[in-house]
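This report looks at how one helix sits among its neighbours. Please keep the sequence and the structure in view while reading.

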Amino acid sequence: MHCTTQGYCYPNVISCDASKEFPSRAVHAEANAIAQAAKHGISTDGASSYVTLEPCISCLKLVVSAGIREVYYETTFNKGNNAALCNSFVEEGLVLN
Ligand SMILES: [Zn+2]
């Protein structure tokens, strides 16, 4: 279930990070997809990922660790040192498009 269907992470907040008191309960899409694959016994080794937004660094590291070889996205997200880290993954063989 997507959090927006139940009113984000907590009642009466207007976005995932709107609560200054409580941490977000959200899981990034890539982490959720990898966890769901594991839960259902589906190998991600050699798989491709299709997302709308470039994975954040934490998710990209999960993607690499899960053996996903290709990542396709529409919109860039990472900047500066994070973009450089993404490029290092590409140089080491992960395909980011
Ligand atoms: Zn992420």
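The sections below describe a predicted model, beginning with a single helix and then turning to its surroundings.

## The two sides of helix 2

Helix 2 spans residues 57-65, and its buried residues are Cys59, Leu60 and Val63. These three lie on the same side of helix 2, because the arc they cover around the axis is only 100°. It helps to recall that an α-helix has 3.6 residues a turn, so residues three or four places apart point the same way. On the other side of helix 2, by contrast, Ser58 and Ser65 are exposed.

After helix 2 comes Gly67, which has a positive phi, near 85°.

## What covers the buried side

The cover over the buried residues of helix 2 includes two helices, helix 1 (29-39) and helix 3 (80-91), together with strand 1 (48-53) and strand 2 (70-75).

Strands 1 and 2 also belong to an open sheet of 3 strands, which has the order 1-2-3 and parallel pairing. Its edge strands are strand 1 and strand 3 (95-96), each of which pairs on one side only. Between strand 1 and strand 2 the parallel pairing runs over 5 bridges, and Ser48 stands opposite Glu70 in strand 2.

## Helix 2 against helix 3

The axes of helix 2 and helix 3 come within 11 Å and cross at roughly 10°. Since angles under 35 degrees count as roughly parallel, the two helices, helix 2 and helix 3, are therefore roughly parallel to each other.

Where they meet, helix 2 contributes Ile57, Leu60 and Val64, while helix 3 contributes Asn82, Leu85, Cys86 and Phe89. Sorted by class, this contact has 6 nonpolar residues, 1 polar residue and no charged residues.

How values were computed: Residues numbered from 1 in each chain as written. Predicted model: local features only at pLDDT ≥ 70, side-chain atom pairs only at ≥ 80, totals over all residues. Buried ≥ 20, exposed ≤ 12 C-beta atoms within 10 Å, placed from the backbone. Helix = DSSP H or I, 4+ residues; strand = E, 2+ residues; numbered from the N terminus. Arc of directions from axis to C-beta. Contact = placed C-beta atoms within 7 Å. Pairing = 2+ DSSP bridges. Axes fitted to C-alpha atoms, helices over the stretch in contact; angles between N-to-C directions. Parallel < 35°, antiparallel > 145°, perpendicular 65-115°, else oblique. Nonpolar A, V, L, I, M, F, W, Y, C, P; charged D, E, K, R; others polar.
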